[in-house]
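Trainee: Before we rely on any labels in this model, could we go through the reasoning behind a few of them?

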Amino acid sequence: PMNGIFYASPSPGSPPFVKEGDAITAGQPVCIVEAMKVFNEIPSPVSGTVLKVVAKPGAVVAPGEPLLLVGP
């Protein structure tokens, strides 16, 4: 419940957790949000297909802000 920095991959130079068009399952890690020097893996709350990665790598994101759009 705080602002943090969005990271699409687990480390610099690594492939992203997910990309547009990927099928994902509920509970699967989809990104990392760094808050107060703690790196938190964010799991998907739903299963489906990633339609769009909304957040940009390195951008500050706020609680409740969409990070990905997931559809059927």
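Trainee: What makes the contact between lysine 19 and aspartate 22 a salt bridge?

Mentor: In this predicted model, the side chains of lysine 19 and aspartate 22 meet at 3.6 Å, N to O; the cut-off for a Lys nitrogen and an Asp carboxyl oxygen is within 4 Å, so the pair qualifies as a salt bridge. The structure holds 1 salt bridge.

Trainee: Why is aspartate 22 called partly exposed?

Mentor: Its relative accessible area is 22%, and because buried means under 20% and exposed means over 50%, aspartate 22 falls in between and is called partly exposed.

Trainee: How do you know that strand S1 and S6 are paired?

Mentor: Strand S1, residues 4–7, is joined to S6 by 2 bridges, and the two run antiparallel; pairing requires at least two bridges, so the condition is met. As for a particular partner, isoleucine 5 is bridged to valine 60 in S6. The open sheet has 4 strands in the order S4-S3-S1-S6, with antiparallel pairing.

Trainee: What makes S4 and S6 edge strands?

Mentor: Strand S4 (38–43) and strand S6 (60–61) each pair on one side only.

Trainee: Which residues have the most contacts inside the largest nonpolar core?

Mentor: That core has 13 residues, and those with the most contacts inside it are Phe6, Val18, Val30, Val61, Leu67 and Leu68. Strand S3 (29–35) and strand S5 (48–53) are the elements that give two or more residues to this core, with S3 giving the most, 3 residues. Leaving aside residues up to four places away in sequence, phenylalanine 6 touches, among others, Ile32, Val53, Val61 and Leu67.

Technical notes. Residues numbered from 1 in each chain as written. Predicted model: local features only at pLDDT ≥ 70, side-chain atom pairs only at ≥ 80, totals over all residues. Heavy atoms only, no water. Core = buried A, V, L, I, M, F, W, Y, C linked by side-chain atoms within 4.5 Å. Buried < 20%, exposed > 50% of the residue type's maximum accessible area, 1.4 Å probe, protein only. Contact = heavy atoms within 4.5 Å.
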